[in-house]
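Trainee: Could you take me through one part of this structure closely? I would love to hear about the sheet and the contact around it.

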Amino acid sequence: MDSAPSAASPLIALVGNPNCGKTALFNILTGSRQKVANYAGVTVERKEGSLLTPSGLRIRILDLPGAYSLDALTPDEQVTADVLFGRRAGESRPDFVVCVTDATNLRQNLRLVLSLKRLGLPMVVALNMTDIARRKGIMIDAERLSAELGMPVVETVGVKTAGVKALLKVLNDTVAPQSEPRGAVWRSLSAAEIEHDQSEVRRILGLVGGDRVDGVTFSDRVDALVLHPLLGPVILASVLFLVFQAVFAWAQVPMDAIKEAVTAFGGWVGAALPASLFKDLMIDGVLAGVGSVLVFLPQIIILFFFILILEDSGYLPRAAFLLDRVMGSVGLSGRAFIPLLSSFACAIPGIMATRTIQNPRDRLATIMIAPLMTCSARLPVYALIIGAFIPRRTLWGGLEMQGLVLFALYLAGVAGAMGVAFVLKRSGQSGAMQTLMLELPAYHWPNLRNLVMGLWQRVEIFLSRVGTIILALMVILWALSSYPEPPPGATGAAIQYSIAGHLGAWLAVLFKPIGFNWQISIALVPGLAAREVAVGALGTVYALSNTGEDVSGALTPLIAQSWTMATALSLLAWYVFAPQCLSTLATVRRETNSWRYPIIMAAYQFGLAYLGAFITYRVALWFGA
Amino acid sequence: MLNPPAIDMPLSDLPPGAAARVTSVSSGNGKAPAELGRRLAELGFLPGEAVRIVARGMLARAPIAVRIGTGTFALRLFEAACIRVRPEQPQLP
């Protein structure tokens, strides 16, 4: 009989080194949908699931962040250690520990097993990635290992279910709620104890047959190219460039299809509904607003397709390796690269991923510059403006002009971030040297299931934003832009007499020096909630401000007609820097536990945005744009 | 013995590809964080373990990618300097 997990259900903890395939195992055990990546420390959030053993026992299962030891150095490892020692407030101590190990890297992984054994909790070792080990010729005698360690050892293969059944059986037979907490006093291991553990590991490996240090591995041969002093940076630049080209080139056909579908639907609604307030809301508010954001779904899918593949294959830590000197020159750790790269998707997971950086000052600097990385929410804004103002032209070498401009915008964000990091480094007193110590896991083919799951999660997040925040803001904006109605005999567009029109006129004074008209000024206000909302807002504002024919169609030709090139470039510069995202500021507040840093962040970003847009606008005017 | 006896050197001076074994790990001079030595030990840089330099960066030949046992780690030069190693004599075929 199925029973819901309750506080009385036994709690087991999944523990293991980073990159041991722990998260993939968690997914199979619980069936939960969660992102699986290949670089150290992606599991920063608390993840709990539950499973039902063959005999019907409901077990709660906690996926603890990857750790190299129980002597925590990062906030990540702190969580793991705290939970295991029962020191974490609001968290009961696990009744049972599943230690996940990578069969190809037992020399490293078994030391953690020995440390965990000292906790005195009942535990089992999941010997993961045995398939890869076998292919490498590493045969491990699991029974002997079990006898040596004095605990059950189960062979599992991260993404396959066969070994999971055996693991479930062990859990079924041995897990029971611990009646009273067993004593385990936290104590740092001395260097001598670590060395002693390692000689014990060597002894055990000698007996069970895992003591094989490979000569030149497949990963080494790949690394000879990827980490090559000259070739490596060329490969990295090519990979990043290819991604940005693909975002534009591949997305064109599906984007056109979505655009046509929205226009066709608008035409159908227009014909089917009688003239009414509801019809206006549907066409000018919902369709013009939501439709213009929805169009960017293909580009977001393509961007995440590449990010997920780079993550899952193990290339990302190599990129961190290649960029470490550059990062170090502005006072950042090479470790900061992974949170910063995640910020290209969205600053929020990026800021959360900074928990793997051990030095607090370093972590803060990374948090402060993360929002300058071009997140995918800026993509709709950039794509709209580039599509309207930059000609579709193929330059020499088959390069797309539009893709090139997009690439330049990404670079502008990175350069801005480097500058801010440099200022932060100068303003703070220089402390101890920044460490790197980043694991370069073995390469493997990206798992198709993880890729599809990861992409689907992104699509869901995007669509649910379109369906909730964006839709709600569009309706509010439509109302603000429609009321009060224009007085009888008014000559201008209806929106100019509305609340939004007055607000926009007031803001336009502030934004006039950087070339923004009142329509842009209005759209920036809802765009504070989420950047891509600005596109929808422009759609709504222009739909309502047009006095003539029906404009529920494309926004692109409209802005191409009504903005100057200087205004377009200025708005692009504004979006490179502006803190147009309240969720990011809320995340910074949560991660730093103070209002100070989100306030400083918003202030410096607005300052940079205004300055950047002002310079861009004036220079563009001077060139006669 | 035809070869001169191998002597200790910092890992940061080891030529790429050369096999060596760790002899000792410390936290280096005062500028490195105090827990650095212990951290390196926890990652597996322990006396007796086999090390090899897999790759070096372009600028100032840093950072370096180091194979330790069956794992690979990227280290900055000052981190690698905390690890002393003894090169292995090349094996005769």
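Mentor: Here is a walk along the sheet, strand by strand, and then across the contact between the chains. Keep in mind that this is a predicted model. Seven strands make up an open sheet, and their order is S7(A)-S5(B)-S4(B)-S3(B)-S2(B)-S6(B)-S1(B), with antiparallel pairing. At the edges you will find strand S7 (438–439) of chain A and strand S1 (9–10) of chain B, each of which pairs on one side only. As background, the strands of a sheet pair through backbone hydrogen bonds, in either a parallel or an antiparallel way.

Let's begin at the chain A edge. S7(A) runs antiparallel to S5(B), and two bridges join them. Across this pairing, A:Leu438 stands opposite B:Ala74 in S5(B). At the other edge, S1(B) pairs with strand S6 (residues 83–87) of chain B, again in the antiparallel sense and over two bridges. There, B:Pro10 stands opposite B:Arg84 in S6(B).

Now for the contact itself: 34 residues come from chain B and 32 residues from chain A. On the side of chain B that touches chain A, at least two residues each are supplied by helix H1 (36–43), strand S3 (50–56), strand S5 (71–75) and helix H2 (77–80) of chain B. H1(B) gives the most to that side, with six residues. By character, the residues on this side of chain B divide into 20 nonpolar, eight charged and six polar. So S5(B) is worth finding on your screen: S5(B) is joined to S7(A) by two bridges, and strand S5 (71–75) of chain B also supplies at least two residues of the side that touches chain A.

Notes:
Residues numbered from 1 in each chain as written. Chains lettered and ligands numbered in written order. Predicted model: local features only at pLDDT ≥ 70, side-chain atom pairs only at ≥ 80, totals over all residues. Pairing = 2+ DSSP bridges. Helix = DSSP H or I, 4+ residues; strand = E, 2+ residues; numbered from the N terminus. Contact = placed C-beta atoms within 7 Å. Nonpolar A, V, L, I, M, F, W, Y, C, P; charged D, E, K, R; others polar.
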